[in-house]
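Visitor: Could you walk me through this one? I'd like to get a feel for how the chain is put together.

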Amino acid sequence: MTLISMLLYLLNQHPFWMIPVYLAFGIGMSIWRRNAGWGIATFVAWMLALFCMQFVNAAFLNAVGTRGTAVLIDARQTSSKLNEQYVWKYEGVLRTEDGRDVIFGFSTTTATLYPLRNAIEIPPLGQRFEVKYVPGFARNVVILTAASEHGRDLQRREDVQAVMRAQRQYDASPTNPAFIAEYRLALRTYLSQHPEADAPDHVRFQRALEALDALER
C-alpha cells in the first residue's frame with residue numbers, strides 16, 4: 001500500500017514532472033512491441049491521470065487509509081489560474097495515529113477530498129479536520145470533508161439553499177400540489193439531516209413545516 005500511495009502522490013501532485021516517465025515508457029513499449037498503439041495509449045493514460053488522479057487518490061486513501069487529524073498552517077496565492085481563479089498552495093501538519101507530526105502540502109489543483117465532488121472545499125487555516133493516510137507514506141492525505149466542521153457547515157448551507165429554492169417555488173404558486181409536496185419534502189429532509197435544535201434555521205424550518213401541514217388539515 002505504501003508504494004501505491006507514493007505512486008498516486010507523484011501522479012497527483014506532480015503530473016507534469018511525470019511526462020518524461022510516460023514518454024520513456026510509451027516509446028520504449030512501442031519499440032519493444034513494434035506497435036505505435038502503446039504510445040497513444042500512454043498519452044491517453046497521462047491525460048486521464050492529469051484530470052482524474054485526484055479522485056482516484058481520494059478513493060484509494062479513503063478505502064485503505066488510517067484516520068488522523070490535520071490543520072493547515074499556511075496558504076499562499078500563486079500566479080497560476082484555474083477556471084479564472086488563482087491557484088493557492090497550502091501547507092499543513094498531520095497528526096498521525098501514533099502521535100507523530102508530518103508536514104504535507106497541496107494546491108487547489110491537487111487537493112484530495114472525500115466524498116468525491118466536483119468542488120474544492122479547503123478547510124480554513126487553524127481549524128483541525130479529519131484525514132486519512134497510509135502510515136508508510138503519510139504525506140499523501142485525503143481530507144474527509146464530511147467529517148470536518150468546515151465540511152458540515154458547507155453541507156448545511158447547501159441544504160438551506162435547497163429549502164429556499166423549494167420555498168420560492170411554493171410562494172410563486174401556493175396552490176400547486178407538486179410545489180407543496182416538494183417544499184414539504186425539502187423541509188423534512190433538512191430537519192432529518194440536521195435534527196439539532198440549535199442548528200441554523202432549524203426553528204424557522206420546523207415552524208414552516210408545521211404551518212404547511214396545518215393548511216391541509
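**Helices, strands and hairpins**

Guide: Sure, and bear in mind that this is a predicted model. Going along the sequence, the order of elements is α-α-α-β-β-β-β-β-β-α-α-α.

Visitor: How many helices and strands does the protein have?
Guide: You can read the pattern along the sequence, α-α-α-β-β-β-β-β-β-α-α-α, and tick off the elements. The tally comes to 6 helices and 6 strands.

Visitor: In which sense do β1 and β2 pair, and over how many bridges?
Guide: Strand β1 covers residues 66-82 and strand β2 covers residues 85-95. They make a hairpin with 2 residues between them, and Asn83 in that turn has a positive phi of about 55°. The pairing is antiparallel, over 10 bridges.

Visitor: Which residue in β2 is the bridge partner of Ala75?
Guide: We're looking at the antiparallel pair of β1, residues 66-82, and β2, residues 85-95. The β2 partner of Ala75 is Tyr90.

Visitor: Which residue in the turn between β2 and β3 has a positive phi?
Guide: β2 and β3 (residues 101-107) run antiparallel, joined by 7 bridges. One bridge partners Arg95 with Asp101 in β3. The hairpin has 5 residues between its strands, and the one with a positive phi, about 90°, is Gly99.

Visitor: What share of the residues count as buried?
Guide: Buried here means under 20% relative accessible area. The protein exposes about 13,000 Å², with carbon and sulfur atoms supplying 59% of that. Of its 217 residues, the buried share is 39%.

Conventions:
Residues numbered from 1 in each chain as written. Predicted model: local features only at pLDDT ≥ 70, side-chain atom pairs only at ≥ 80, totals over all residues. Heavy atoms only, no water. Helix = DSSP H or I, 4+ residues; strand = E, 2+ residues; numbered from the N terminus. Buried < 20%, exposed > 50% of the residue type's maximum accessible area, 1.4 Å probe, protein only. Areas by Shrake-Rupley, 256 points an atom, 1.4 Å probe, with all protein chains shown as cover. Pairing = 2+ DSSP bridges.
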